[in-house]
Amino acid sequence: MDKSKVIFGNEMSESAYRKAVAGKQKFIRKYGDDSGKIYHLSASPAPAVGDALGIQQLHISGTKEVEFNRKSVIIGNIRMGFGHYRISMAMASAARAMGYEPYWFDLCSFGNTTCGKIIAGQNDLYSLGSRLSQSIPLFNKLVWEPLNSEGFRRITYNCSDQKTAELMVPVFRDLPKDIPYIATHVWPSQAAVHAGLTNVVNAVPDNWPMALHLSEGAIHTVQTPSAYLGYRALRGMGGKRILNPMPRTSIAYTGHYIDHELVSNIEADCDKRRERASNGAKRWLMSVGGAGAQKEIFVAIIRKLLPEIKAGNAVLFVNVGDHRNVWDALLSEIPQMRGLVTEHFDDFEATRRFTEEAYDGEVTGIHAFCHSDIFAAVYSTNLLMRCSDVLITKPSELAFYPIPKLMIKRVGGHEAWGAIRSAELGDGTYECATPAETCAMLDLIQRNGDIIEKMCNNIEIAKRSGIYNGAYRVVKLAVHKTKYMNK
């Protein structure tokens with residue numbers, strides 16, 4: 001059955017289907033159609049995280065050079081910001097801890113294929129929209145927020161995506177049909193199903209149900225009970241029309257997608273945070289998104305922290321990922337930082353050693369991290385979390401991580417429910433919508449150690465409840481399919 005015509009028993013209108021077909025044809029005219037081409041795969045250790053997480057990265061090759069076995073697990077992903085890479089690393093980490101061999105299958109990295117070109121073009125548009133939403137309030141109010149909260153929510157959007165995903169099938173031809181396959185973005189999931197893979201898990205990232213993330217034929221996993229019910233009912237995805245729900249066998253609540261290294265060390269890391277908080281010292285970690293949005297907020301935060309950093313009462317870690325221009329812009333805006341800054345650029349091993357030494361040792365000042373390699377850029381935040389007290393982040397995929405969090409303004413309406421989840425669990429703040437509100441919350445945490453202590457207590461309670469075990473459960477689903485649906 002054409003997956004763009006009927007979605008979970010809900011028939012699409014003729015106009016929606018025609019629009020989906022026209023969208024596919026538009027991509028063909030722009031990027032070509034390589035459906036008749038044969039692509040093969042080779043593998044090599046992934047940069048930076050190859051040894052740490054045991055990840056083999058798959059590449060397009062002229063000949064078939066990789067043999068999969070019963071321990072192989074494919075992690076299908078794309079680069080769109082840092083979030084989907086970060087979730088993929090959590091899945092790979094959990095898979096390795098469970099004795100499996102993770103293979104990194106990034107559709108966006110296959111740049112000379114129709115698939116890679118489509119995704120790269122869409123990623124550029126999304127990054128542009130994120131930046132414009134932060135610099136033009138009217139664009140954010142009239143375009144970006146509605147698109148991210150309601151536009152992507154409609155089931156007709158999934159109708160179009162399913163048709164486009166048909167163009168992504170050729171790169172899947174070397175993958176065994178029954179291989180365990182975990183997708184951390186809907187396009188790798190939809191494409192895998194179109195390619196005939198039978199053990200596909202679609203790890204849904206957002207806590208706000210959107211038809212954008214639907215991939216019929218895969219098992220959908222969600223991180224929260226509210227997301228489970230919203231997706232199961234396809235809530236609001238038909239506008240005023242009540243849709244037929246997803247079947248029970250198509251969706252599972254797993255808990256938060258977190259790396260094994262972080263989950264297994266929660267108690268030790270929280271003990272360190274409580275100790276530092278009781279002594280009046282705070283370590284702040286600021287993770288800057290791939291789009292480089294929210295500069296105004298970051299500048300306000302740094303200026304607010306500067307007196308405490310100079311007095312030795314606070315330390316600031318800033319990871320700008322692979323965006324050196326973002327760091328240069330911050331330095332230009334706040335030249336007072338220069339005498340306090342130590343830069344850790346493009347040396348992942350040095351970054352790793354720094355985090356290990358900082359875990360038990362003393363740290364002062366401001367430390368900036370930037371790596372041109374995307375794996376190092378993303379994973380540096382994971383390493384820094386373990387030696388940090390509070391993570392400053394927008395309520396995206398990082399909202400679910402087991403570290404005290406200060407939630408800054410979202411980028412897109414779909415992120416709002418990430419902050420709601422964290423605030424209700426008590427492992428983070430509510431969303432602070434303005435620079436002034438953000439700085440007030442920062443000051444409250446900086447001057448009162450009990451807030452970090454309470455958040456750490458809540459993190460440990462959540463761990464005992466299995467809330468951070470989502471990545472392990474996703475791997476089990478991919479390997480054993482429905483056996484673990486209700487565990």
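1. Strand β8 (residues 200-203) is covered on both of its faces, with V200 and N202 on one side and V201 and A203 on the other all buried, where buried stands for under 20% relative accessible area, exposed for over 50% and partly exposed for what lies in between (1.4 Å probe, protein chains only). Helices (H or I, at least four residues) and strands (E, at least two) are DSSP runs, numbered from the N terminus. The model is a predicted one, in which local features need pLDDT of at least 70 and side-chain atom pairs count only at pLDDT 80 or more, while totals for chains, interfaces and linings use all residues. Residues are numbered from 1 along each chain as its sequence is written, and side-chain values use heavy atoms, with hydrogens and water left out.

2. The pairing around β8 involves a strand on either hand, two strands being paired if DSSP finds at least two bridges between them. Strand β7 (residues 181-183) runs parallel to β8 and is joined to it by three bridges, with N202 in β8 as the bridge partner of A183. Between these two strands the chain passes through helix α7 (residues 186-194), in a β-α-β crossover that is right-handed; that is, with the strands pointing away from the viewer, the path from the first strand over the helix to the second runs clockwise. Strand β9 (residues 219-222) is likewise parallel to β8 and joined to it by three bridges, and here V201 stands opposite I219.

3. A second region to inspect is an open sheet of seven strands, with parallel pairing and the order β13-β14-β12-β11-β15-β16-β17. Its edge strands, β13 (341-345) and β17, each pair on one side only. Neighbouring strands of this sheet are turned against each other by 15° on average, direction ignored; for such angles, axes are lines fitted to C-alpha atoms, for helices over the stretch in contact, and values run from 0 to 180 degrees between N-to-C directions. Within the sheet, strands β12 (residues 314-319) and β14 (residues 366-370) run parallel and are joined by four bridges, N319 standing opposite F369 of β14.

4. Two helices may be examined together with these strands. Helix α13 (residues 348-360) lies across β11 (282-287), β12, β13 and β14, and runs at about 150° to β14. In helix α15 (residues 416-425), the buried residues are A416, G418, A419, R421, S422 and L425, and these pack against α8 (225-232), β10 (251-253), β16 (405-407), β17 (428-431) and α17 (449-464), contact being heavy atoms within 4.5 Å. Helix α15 is followed by G426, whose phi is positive, near 85°.

5. Two residues other than glycine also deserve a look for their backbone angles. F8, in the loop between β1 (6-7) and β2 (10-11), has a positive phi near 50° and counts as buried at 6% relative accessibility. D346, in the loop between β13 and α13, has a positive phi of about 55°, but this residue counts as exposed at 51% relative accessibility.

6. On the cysteines, the structure holds zero disulfides, a disulfide being a pair of cysteine sulfur atoms within 2.5 Å. C270 is in no disulfide, and the nearest cysteine sulfur, that of C456, is 3.8 Å away, which is too far for a bond. C270 is buried, with a relative accessible area of 0%, and C456 is buried with a relative accessible area of 0% as well.

7. Salt bridges, each a side-chain nitrogen of Lys or Arg within 4 Å of a carboxyl oxygen of Asp or Glu, come to a count of 21. One of them pairs K463 with E267, the closest N and O atoms being 2.9 Å apart, and links distant parts of the chain, given that K463 in helix α17 and E267 in helix α10 (residues 266-278) are 196 residues apart. K463 is partly exposed at a relative accessible area of 21%, and E267 is partly exposed at 34%.

8. Other salt bridges lie within a single helix. R447 and D443, with closest N and O atoms 2.8 Å apart, are four residues apart in helix α16 (residues 435-447) and therefore separated by about one helical turn; R447 counts as exposed at 58% relative accessibility, whereas D443 counts as partly exposed at 23%. K454 forms a salt bridge with D450 at 3.5 Å between the closest N and O atoms, both residues lying in helix α17, four residues apart. Finally, D2, K24, K163 and E166 are linked in a network of salt bridges.
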